[in-house]
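Colleague: I'd like to learn how to read a protein model one feature at a time. Could you walk me through one?

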Amino acid sequence: VTCGENFSCTVLDTGTVACWGGNDFGQLGTAPGEGSPVPVEVEGLSGVRSIDAGSHQACALLEDGGVVCWGQGHLGQLGNGSDSDSYSPVDVVGLESGVAAVSCGRHFCCALLESGAVMCWGENGAGELGDGTTENCSSPVAVECPSP
């Protein structure tokens, strides 16, 4: 189970995802508009290993190691190379496989790769992407870890 600003989602034992609550930006995986007080299944999504939510976006780690996101995308937080919202899951650019974990903050997300590297995307005004800049990025960038 994961909770965003005004919505929640859970992975079902079928490998699908259901979300409920507010839906201003399509974060329930349905067309933006009225929210739902009961869980609704995110269409077109299966084989989900885990999920995490940011403010108004959610991302799912798939069994094949890929990542998809949906909901608010105005700061690039869906990772698909766009600054647009999406009410259906979109692939995160370059993360179609090899991801071990995904975690989201307010308007950004990061993925831990099986190699141990970390990639992040979305809002970066405070340097939350870890790439040494404060520029937002709508596709994953490598976190630049300091040398020991």
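Colleague: Let me start with a single residue: is aspartate 52 buried or exposed?

Modeller: Some ground rules come before that. This is a predicted model, in which local features need pLDDT of at least 70 and side-chain atom pairs count only at pLDDT 80 or more, while totals for chains, interfaces and linings use all residues. Residues are numbered from 1 along each chain as its sequence is written, and side-chain values use heavy atoms, with hydrogens and water left out.

Modeller: Now the general idea: buried means under 20% relative accessible area, exposed over 50%, and partly exposed in between, with a 1.4 Å probe and protein chains only. Aspartate 52 has a relative accessible area of 17%, so it is buried.

Colleague: Which strand holds aspartate 52?

Modeller: Strands are DSSP runs of E with at least two residues, helices are runs of H or I with at least four residues, and both are numbered from the N terminus. Aspartate 52 belongs to strand β5, residues 48-53.

Colleague: Which residues is aspartate 52 in contact with?

Modeller: Contact means heavy atoms within 4.5 Å. Setting aside neighbours within four places in sequence, aspartate 52 touches Thr2, Gln57, Ala58, Cys59, Val102, Ser103 and Cys104. For threonine 2 there is also a polar contact, side chain to side chain, at 3.1 Å. That term stands for a pair of N or O atoms within 3.5 Å; within protein, one must be able to donate a hydrogen and the other to accept it, and residues adjacent in sequence count only if both atoms are side-chain atoms. As a distance to set beside these, the C-alpha atoms of aspartate 52 and serine 84 are separated by 19 Å, with their positions 32 residues apart along the chain.

Colleague: Two of those contacts are cysteines. How many disulfides are there?

Modeller: A disulfide is a pair of cysteine sulfur atoms within 2.5 Å. By this rule the count is 4. Counting bonded cysteines along the chain, the pattern is 1-2, 3-4, 5-6, 7-8.

Colleague: What is the S to S distance between cysteine 59 and cysteine 69?

Modeller: Their sulfur atoms lie 2.0 Å apart. Cysteine 59 sits in strand β6 (residues 57-62) and cysteine 69 in strand β7 (residues 67-71), 10 residues apart. The torsion about their S-S bond is about 105 degrees, so this disulfide is right-handed. Both cysteine 59 and cysteine 69 are buried.

Colleague: And where do the sulfur atoms of cysteine 104 and cysteine 109 stand?

Modeller: They are 2.2 Å apart and form a disulfide. The torsion there is 100 degrees, and the link is right-handed. Both cysteine 104 and cysteine 109 are buried.

Modeller: Next comes the disulfide of cysteine 110 and cysteine 120, at 2.1 Å between sulfurs. Cysteine 110 lies in strand β10 (residues 108-113) and cysteine 120 in strand β11 (residues 118-122), so the pair ties together parts that are 10 residues apart in sequence. With 110 degrees about the S-S bond, the link of cysteine 110 and cysteine 120 is right-handed. Cysteine 110 has 17% relative accessibility and counts as buried, and cysteine 120 does too, at 2%.

Colleague: Why is the sulfur of cysteine 3 without a bond to cysteine 9?

Modeller: The closest cysteine sulfur to that of cysteine 3 is in cysteine 9, but it is 8.8 Å away, so it is too far for a bond. Cysteine 3 is exposed, with a relative accessible area of 52%. For cysteine 137, the closest cysteine sulfur is in cysteine 120, and 10 Å is also too far for a bond.

Colleague: What is the order of the strands in the open sheet of 4 strands?

Modeller: Two strands pair if DSSP finds at least two bridges between them. The order is β1-β2-β3-β4, with antiparallel pairing. At the edges are β1 (2-3) and β4 (36-41), each pairing on one side only. Strand β3 (residues 17-21) is joined to β4 by 3 bridges, and alanine 18 faces glutamate 41 in β4.

Colleague: How many helices and strands does the whole protein chain have?

Modeller: The chain has 0 helices and 12 strands. Buried residues make up 47% of its 148 residues. Its C-alpha trace spans about 50 × 30 × 20 Å along the principal axes.
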